[in-house]
Amino acid sequence: MMEERRPHQNHSITFSNSTTSAFLRKIKDHAPTLLISGSILLLLTGLTVTATVLCIIFFSPLILFTSPIWFPIVAFLLVVTAGFMSLCGFGVALAAGLSWIYRYFRGMHPPGSDRFDNGRSLIYDTASAAQCDVRRPCRELA
């Protein structure tokens with residue numbers, strides 16, 4: 001018996017999605033430009049790292065000798081900046097809270113007001129039930 005031969009199968013990747021193939025075609029068309037841009041960016045990265053290392057080597061003695069002067073100044077500026085940023089954050093939170101309260105009492109129904117109303121009615125119902133439970137034994141004793 002003669003064995004039937006199958007044609008050689010193509011194992012390359014085929015994309016059925018037209019946008020994917022269009023994207024790959026665009027990349028293929030722009031390959032030289034991408035190669036040049038990538039090479040320039042790689043060169044600039046190397047120059048930046050080299051300049052950083054050389055600055056650290058040359059300026060570290062200067063930084064080391066003047067650190068008793070710079071450390072208190074930097075620490076003070078850090079504390080002042082952190083305090084100012086905290087103050088600004090608390091101010092924004094206060095303004096947002098006051099805005100929500102104003103809109104709630106004016107009847108504008110800000111986000112979350114329904115949950116606030118449900119909680120208030122739940123507290124009122126619980127207090128009313130507790131008041132009835134307290135009054136009932138007193139009436140029975142009298």
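# Exercises on a four-helix chain

Of the 142 residues in the protein chain, 2% count as buried. Keep in mind that the model is predicted.

**Exercise 1. Work out which elements make up the protein chain, and how much surface the chain exposes.**

Start with the inventory: the protein chain has four helices and zero strands. Reading from the N terminus, the order is α-α-α-α. Next comes the surface: the chain exposes about 13,600 Å². Carbon and sulfur atoms supply 71% of that area.

**Exercise 2. Check the end-to-end spans of α1, α2 and α3 against an ideal rise of 1.5 Å a residue.**

Take α1 to begin with; it covers residues 18-29. The rule multiplies 1.5 Å by one less than the number of residues. For the twelve residues of α1 that should give 16 Å, and the end C-alpha atoms are indeed 16 Å apart. While you're there, look at the cover on α1: the count of buried residues among its twelve is zero, so this helix is hardly covered.

Now α2, which has 35 residues. From its first C-alpha to its last it reaches 51 Å, close to the expected 51 Å.

Finish with α3 and its 39 residues. Here the reach is 56 Å, close to the 57 Å expected.

**Exercise 3. Find where α2 is kinked, and list the residues of the nonpolar surface patch.**

Step one, the kink: α2 bends by about 45° at Phe59. That spot comes shortly before the proline Pro61.

Step two, the patch: Val49, Val53, Leu54, Ile57, Phe58, Phe59, Leu62 and Ile63 form a nonpolar patch on the surface. Together these residues have about 810 Å² of accessible area.

Step three, put the two side by side. Val49 sits in helix α2, which runs over residues 31-65. Phe59 turns up twice, as the site of the kink and as a member of the patch.

**Exercise 4. Describe the aromatic pairs around Tyr104, and say which parts of the chain Tyr104 and Phe116 tie together.**

The structure holds four aromatic pairs. One of them joins Tyr104 and Phe105, with 5.4 Å centre to centre and 75° between the planes. Planes over 60 degrees apart count as edge-to-face, and the Tyr104-Phe105 pair is classed that way. The two partners are covered quite unlike each other: Tyr104 is buried at a relative accessible area of 14%, whereas Phe105 is exposed at 66%.

Tyr104 also pairs with Phe116, again edge-to-face, at 5.1 Å centre to centre and 85° between the planes. Tyr104 lies in helix α3 (residues 67-105) and Phe116 in helix α4 (residues 113-141), so this pair ties together parts that are twelve residues apart in sequence. Phe116 counts as partly exposed, with 42% relative accessibility.

To close, collect the rings: ring pairs link Trp100, Tyr104, Phe105 and Phe116 into a cluster.

**Exercise 5. Walk from the end of α3 into α4 and pick out the positive phi values and the burial of Ser113.**

Just after α3 you meet Gly107, with a positive phi of about 85°. Further on is His109, in the loop between α3 and α4. His109 has a positive phi of about 50° although it is not a glycine. Is His109 buried or exposed? Its relative accessible area is 62%, so His109 counts as exposed.

Then you reach Ser113, which is found in helix α4. At 5% relative accessibility, Ser113 is buried, the cut-off for that being under 20%. For a contact back along the chain, compare Ser113 with Trp100: these residues are 13 apart in sequence, and their C-alpha atoms are separated by 9.0 Å.

**Exercise 6. Locate the salt bridge and explain how its partners are placed in α4.**

A search of the whole structure finds one salt bridge. The side chains of Arg120 and Asp117 meet in it, at 3.1 Å from N to O. Why are these residues separated by about one helical turn? Because Arg120 and Asp117 are three residues apart in helix α4.

Last step, the cover: Arg120 is partly exposed at 48% relative accessibility, and Asp117 is partly exposed at 27%.

Notes:
Residues are numbered from 1 along each chain as its sequence is written. This is a predicted model: local features need pLDDT of at least 70, side-chain atom pairs count only at pLDDT 80 or more; totals for chains, interfaces and linings use all residues. Side-chain values use heavy atoms; hydrogens and water are left out. Helices (H or I, at least four residues) and strands (E, at least two) are DSSP runs, numbered from the N terminus. Buried means under 20% relative accessible area, exposed over 50%, partly exposed in between (1.4 Å probe, protein chains only). Accessible areas come from the Shrake-Rupley method with a 1.4 Å probe; for residues, only the protein chains shown count as cover. Rings of Phe, Tyr and Trp (its six-membered ring) pair if their centres lie within 6.5 Å; planes under 30 degrees apart count as stacked, over 60 as edge-to-face and the rest as tilted. Patches are made of residues with over 30% relative accessible area and no salt bridge: like charges are joined within 9 Å, nonpolar side chains (Val, Leu, Ile, Met, Phe, Trp, Tyr) within 5 Å. A salt bridge is a side-chain nitrogen of Lys or Arg within 4 Å of a carboxyl oxygen of Asp or Glu. The bend at a residue is the angle between axes fitted to the seven residues ending there and the seven starting there.
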